Amino acid sequence: KTIGDLDQLLADLPGIDLYRLPDAGLTRQPRQVTARRAGRRSEAWRGAWGSWLACSLLCFVIWAISGFGYPWPLWVAGPLGAIMVGRWLTGSHPHGGTHNIGPGETGPGQGQLPGGDDDLPGRPGR
């Protein structure tokens, strides 16, 4: 079959454009970043500690089911927990680096390009 044959076959179907372009009224608005808690009580740290706890608990449950032999889960929970405690005490961000986004500021990785929307082609200011 060729595309011409398919056009003849589909000629009696309604012509619906399934690939409509976005409406010109839709504009991209800059994303506002709200002030987040930084430091040891941040959401990132809560997520990191929760992940450590879940992973450690899973290892200990597997160890318990297997008959309480050699305490291998300590080799998983111990070093990872020690690294996290060290980073937590020094005030580092759990994912590395520092997290110094202040109230009302945006930055790369927060939904913005390094130069803002002015770096986009076809945007005013370029």
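Okay, let's start with cysteine 59: at 12% relative accessibility it counts as buried, since buried here means under 20% relative accessible area, exposed means over 50%, and partly exposed is in between, with a 1.4 Å probe and protein chains only. Before I go on, this is a predicted model, where local features need pLDDT of at least 70, side-chain atom pairs count only at pLDDT 80 or more, and totals for chains, interfaces and linings use all residues. Residues are numbered from 1 along each chain as its sequence is written, and side-chain values use heavy atoms, with hydrogens and water left out.

So, what is the closest cysteine sulfur to that of cysteine 59? That would be the one in cysteine 55, 4.6 Å away, which is too far for a bond; a disulfide takes a pair of cysteine sulfur atoms within 2.5 Å. In fact the structure holds 0 disulfides. Cysteine 55 is in no disulfide either, and with a relative accessible area of 35% it is partly exposed.

Now the overall picture. The protein has 3 helices and 0 strands, so to speak α-α-α when you read along the sequence. Those helices are DSSP runs (H or I, at least four residues; strands would be E, at least two), numbered from the N terminus. Of the 126 residues, 16% are buried.

Let me stay with α2 for a bit. Its 23 residues should span 33 Å at 1.5 Å a residue, and the end C-alpha atoms are indeed 33 Å apart; the expected span is 1.5 Å times one less than the number of residues. Which residues of α2 are buried? They are Trp45, Ala48, Ser56, Cys59 and Trp63. Part of what covers them is α3. Just after α2, glycine 67 takes a positive phi of about 110°.

Last stop, the surface. Leu58, Ile62, Tyr70, Trp72, Trp75 and Val76 make a nonpolar patch of about 650 Å². The elements giving two or more residues to that patch are α2 (43–65) and α3 (73–90). For the rules, patch residues have over 30% relative accessible area and no salt bridge, with nonpolar side chains (Val, Leu, Ile, Met, Phe, Trp, Tyr) joined within 5 Å and like charges within 9 Å. A salt bridge is a side-chain nitrogen of Lys or Arg within 4 Å of a carboxyl oxygen of Asp or Glu. And tryptophan 72 sits in the loop between α2 and α3, partly exposed at 32% relative accessibility.

Definitions and conventions: Accessible areas come from the Shrake-Rupley method with a 1.4 Å probe; for residues, only the protein chains shown count as cover. Contact means heavy atoms within 4.5 Å.
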